[in-house]
Amino acid sequence: MKRESSKLKFFAVCILLLTAVICIQPVSADSLENANVPIFTIPEKTIMYDGKACPEKVALSTYTQSSLNIPEFIIESSNAKKASNEIRHDEEIYSLVTFNNPIPIRSDTVEFDITLYGEEYTVNLERMPENIDDGIDSYLGTVEGIENSEVIFTVNDKNLLIGSISYPGEYLTITSLDTNVETRISQNPLHIVYSEYDILQPSEPVDICGMLEPTVSEILASESLMNLDDTSRATNSLVTVDVLVVTDNAFFTLEDNWVTKAQSYIAAANSATSFGREDVGVFLNVISYDSSKRIEMSTHDTVLTNPLSTLMSIYPRSYLDSVNADICLYLGGHDRSTGTSQGQAYNFGDRYAWSQMVADASIGAYNGGDHARKYCIIHEVGHCFNGRHEQGYAKWFSGSLISNTVMIGEYYGSLFNLLEFSSTASPSYLGDATHDNAKMIRNYKVTASQHT
């Protein structure tokens, strides 16, 4: 009954949310009068390749959505907006762009101008730490003049920019399209920019996690949490945990620059609203983005039925020890053929996690987009730090908006699933005495860092 009740509340609040969006966001994704305004640009470094108004726009009249590998969930969402007359029938909800050396000098701090729906802003960014010198850098920062904004950009030497810009009432995704000979314009990778507020959300919650060990009972988990010694609460107790990120041939082939994509997801996990938050205090230090065993991964006999078992077979604990990896994260390019989960972790506090990087064809609700990938990655890695599902609770409410913290085992969509952990450290962190995954992680992070 609790689950059915939560679904009814979910759909009711969806209506409230959708009617409130335009009132609370500084700039709107849905206004017809903004139909010809580019969603996001970096002035003098952006070329538009669709119908959005821009002096440098170039028509792609000879290409189709399918030939450009535009994700199906974006096409469906755009068509739905046209059908409801929220956008003109000759427009799309997305922009297609290329960037020309977006951050030419990779200083520790950078500042440059952007536009959001035609309005000019300045972003202030700081380079995130990493130990791999591969020409790929991630930056975290804010948009001047927009309260509670967060910018996460990852750039490489091939004019690729992957990231997000979020603030109350808006979440913009900037990402490259899948590998395709036609998605390179003048040797630059073609990007798609869209608002998550324009994307169709799942018609019902999607089971996202398939823990291999049963979740402890709500009562036991609550008692365990309340009895934890919270001596690690100090905000300066940042703990580094070494992570080996691996992939298979399917994802390696799908993404022309899979390492850049992967680093952008790790950057989101390390951001100030996720593992890098004060009351969590974890830095995921990637020691390697490893594709050396990708063929072996994709041809393993359990890769479609039990990808986590595949991971553990090819990267056993002895191998993790030999490369000094505390945790191994598998970014999978295959759609799992059994079960409904899009990710798995072996057990609370264990060293393995798998996250599916492609849409789920069987249920059609997990779209495999960048936000869904980030949510699944953070959720599964959270289990490696003893993070727990929120013991049967379907959601937290913040005013009239649904806010699902990241360890909830169901995915309600990009508008309703936060990338942060439940906590009682501040009124803005959604949680209570028996729902505090930040506390669970704080009390396990030193153990996680000592696997090797």
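Which residue in the hairpin of strand 8 and strand 9 takes a positive phi? The residue is Gly169, with a phi near 90°, in a hairpin that has 2 residues between the strands. Strands (E, at least two residues) and helices (H or I, at least four) are DSSP runs, numbered from the N terminus.

This is a predicted model, in which local features need pLDDT of at least 70 and side-chain atom pairs count only at pLDDT 80 or more, while totals for chains, interfaces and linings use all residues. Residues are numbered from 1 along each chain as its sequence is written, and side-chain values use heavy atoms, with hydrogens and water left out.

## Confidence

The predictor's confidence in each residue is pLDDT, given from 0 to 100. The protein averages a pLDDT of 83, and 77% of the residues score at least 70. Over residues 51-56 pLDDT stays under 50, and the model has 19 contacts beyond four places in sequence for them. Residues 214-220 also have pLDDT under 50 throughout, with 9 contacts beyond four places in sequence. A contact means heavy atoms within 4.5 Å.

## Strand 9 and its partners

Strand 9 covers residues 170-176, and 7 of its 7 residues are buried. Buried means under 20% relative accessible area, exposed means over 50%, and partly exposed lies in between (1.4 Å probe, protein chains only). In a regular strand the side chains alternate between the two faces of the sheet. Both faces of strand 9 are covered, with Glu170, Leu172, Ile174 and Ser176 buried on one side and Tyr171, Thr173 and Thr175 buried on the other.

Two strands pair if DSSP finds at least two bridges between them. Strand 8 (residues 161-167) runs antiparallel to strand 9, and 5 bridges join them. Here Ser166 has Tyr171 of strand 9 as its bridge partner. Strand 9 also pairs with strand 12 in the antiparallel sense, over 5 bridges. In that pairing, Thr175 has Ile192 of strand 12 as its bridge partner.

Glu147 belongs to the loop between strand 6 (137-143) and strand 7 (150-155). Is Glu147 buried or exposed? Its relative accessibility is 66%, so Glu147 counts as exposed. Leaving out residues up to four places away in sequence, Glu147 touches Tyr167 and Pro168. Glu147 and Pro168 are 21 residues apart in sequence, and their C-alpha atoms are 8.1 Å apart in space.

## Strand 14

Strand 14 (residues 239-247) is mostly covered, with 7 of its 9 residues buried. Its partners are listed below.

| Partner of strand 14 | Sense | Bridges | Bridge partners |
|---|---|---|---|
| Strand 15 (residues 282-290) | parallel | 8 bridges | Val239 and Val282 |
| Strand 16 (residues 327-332) | parallel | 5 bridges | Val245 and Leu329 |

## Aromatic rings

A pair of aromatic rings is described by the distance of the centres and the angle of the planes. Rings of Phe, Tyr and Trp (its six-membered ring) pair if their centres lie within 6.5 Å; planes under 30 degrees apart count as stacked, over 60 as edge-to-face and the rest as tilted. A search of the whole structure finds 10 aromatic pairs.

One of these pairs is Phe73 with Tyr194, which is edge-to-face, at 6.2 Å centre to centre and 80° between the planes. Phe73 lies in helix 2 (residues 72-83) and Tyr194 in strand 12 (residues 191-195), so this pair ties together parts that are 121 residues apart in sequence. Phe73 is buried at a relative accessible area of 13%, and Tyr194 is buried at 2%.

Tyr375 and Tyr411 form a tilted pair, 5.3 Å centre to centre and 55° between the planes. Because Tyr375 lies in helix 9 (residues 370-384) and Tyr411 in strand 21 (residues 410-411), the pair ties together parts that are 36 residues apart in sequence. Tyr375 is buried at 0% relative accessibility, and Tyr411 is buried with a relative accessible area of 2%. Elsewhere, ring pairs link Phe40, Phe99, Phe112 and Phe153 into a cluster.

A charge sits over a ring if NZ of Lys or CZ of Arg is within 6 Å of the ring centre and within 35 degrees of the ring normal. The charged end of Lys293 sits over the ring of Tyr315, 5.8 Å from its centre. For Arg388, the charged end sits over the ring of Phe348, 4.2 Å from its centre.

## Helix 9

In helix 9, 15 of its 15 residues are buried. Asn386, which follows helix 9, has a positive phi near 75°.
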